[in-house]
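Me: Please take a close look at one part of this model: the ligand site. Walk me around it in one go.

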Amino acid sequence: MVSSVRVGLPSETKDRERRVALTPSAVNLLIGHGHEVLVQAGAGEGAGFTDEHYTQAGARLVADAAEVWGADLVCKVKEPQSSEYAHFRDDLTLFAYLHLAAEPDLTRALLDAGVHAYAFETLTDRYGLPLLAPMSEIAGRAAAIVGAAQLSSASGGSGTLMGGAAGVPPAKVVVLGMGVAGTMAAIGARGLDAHVTGVDVDLHRLYEHHLAGNLDATQASEPALVGEHVREADLVIGAALVPGARAPVVVTEEQVASMRPGSVVVDLAIDQGGCIETARPTSLSEPTYVEHGVVHYCVTNVPGQFPRTASKALSAAVAPKLLRLADDLAAGRAGTEQEHPVLQGARNVDGGAIQHEAVAAVFPDLPAAAGLAGDAA
Ligand SMILES: NC(=O)c1ccc[n+]([C@@H]2O[C@H](COP(=O)([O-])OP(=O)(O)OC[C@H]3O[C@@H](n4cnc5c(N)ncnc54)[C@H](O)[C@@H]3O)[C@@H](O)[C@H]2O)c1
């Protein structure tokens, strides 16, 4: 048993990803608890935090990614890229977005190496998903802006302006999944004076939005009825989630094909496989493609283009949980049979087995802890 752990903060490697998981003040919090923090030189630059900010906070700056990954506990933003799998080992604890349901290769690499992998996006508390929510909030706001921009003819869209004009009705927007991301997307689209319909399986959630006047219309998530709205829509924003699982397909390929040419879909749920059947992952460098005449924007790291705001929001949410994980590791607790309540739902892979029910159900052929869907025992 040790009294402190070494925490590593590597630079992000995903395409155009400029966020950093911890701000200097969060690093200082860890150091105040007796932990050592290794920061890769330049890790915070994209978010406006210099190396000097981190050294002033007490971090040790290292040039080499391998040295940062050599820490006991690595905290980063995006799921490790294939170039980072070489750093995996059985005494590594990883705390990051993992989105394993859409990442079979990463899932296998974590299992094979025996990494203790905790996912931000499935960590659960009484309010919901506290480490997913801040990025969903940002991605939702961004979706309305991006969708509006893609509708311009200059971007290959139909040339429809969200708010319409005197004598011309506004654009029709359909939002699939009225959780955190969907709510912010709907508020953003309404802020641009579009006509917004919110879709969800959770009728109570729709009732609350209806009562609060957040939407022009609500629609229960029934395939045929959703299809009618989609056919008439200028912009469809996908944000449906079942935590840990592959995203439910809410809009079929046939329904996408029924949309007017130049209409736009923005599928935020793409990080969990997508809730629009024709969605496939795109990057910030090449964010769109056209299928059935419909512009698709399916970027898996939308908040990565707003690194200043996103890093501060993410770090504020992550830091207290990470601190607990580091303290637990130092005390020899986390990663063993007893999960700390503050990390509830986060443990995805550990001891060479999938530990999360919904992730196990996606990969029935991979080893899972006893009692879970993929339990190969
Ligand atoms: N692409 C990105 O960069 C990015 C960034 C942040 C979040 N996200 C993703 O956005 C998605 C939404 O996240 P969130 O935090 O808003 O989740 P949330 O849990 O707050 O909301 C999800 C909503 O989907 C609803 N839902 C579930 N099944 C449905 C169905 N069949 N039809 C309609 N609605 C359904 C749920 O009832 C819930 O209201 C997630 O996949 C998340 O990972 C993507």
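Reply: Here is the ligand site, from its pocket to its contacts.

This is a predicted model, where local features need pLDDT of at least 70, side-chain atom pairs count only at pLDDT 80 or more, and totals for chains, interfaces and linings use all residues. Residues are numbered from 1 along each chain as its sequence is written, and side-chain values use heavy atoms, with hydrogens and water left out.

The shell around the ligand has 17 nonpolar, 8 polar and 4 charged residues. Nonpolar here covers Ala, Val, Leu, Ile, Met, Phe, Trp, Tyr, Cys and Pro; charged covers Asp, Glu, Lys and Arg; the others, Gly among them, are polar. Of the 29 residues, Ser-136, Asp-200, Arg-205, Ser-221 and Asp-271 come nearest (a residue is near if one of its heavy atoms lies within 4 Å). Helices H5 (133-150) and H6 (180-191) each supply at least two shell residues (helices are DSSP runs of H or I, at least four residues, numbered from the N terminus). H5 gives the largest share, 3 residues.

Now the polar atoms. A polar side-chain atom of Ser-221 lies 2.7 Å from a ligand nitrogen. A backbone N or O atom of Val-180 is 3.0 Å from a ligand oxygen. A polar backbone atom of Val-299 is 3.0 Å from a ligand nitrogen. Taken alone, the ligand exposes 870 Å², and the protein buries 91% of that (Shrake-Rupley method, 1.4 Å probe).

Val-299 also leads to Thr-282. The backbone nitrogen of Val-299 lies 3.2 Å from a polar side-chain atom of Thr-282. The backbone oxygen of Pro-287 lies 2.8 Å from a polar side-chain atom of Thr-282.

Definitions and conventions
A polar contact is a pair of N or O atoms within 3.5 Å; within protein, one must be able to donate a hydrogen and the other to accept it, and residues adjacent in sequence count only if both atoms are side-chain atoms.
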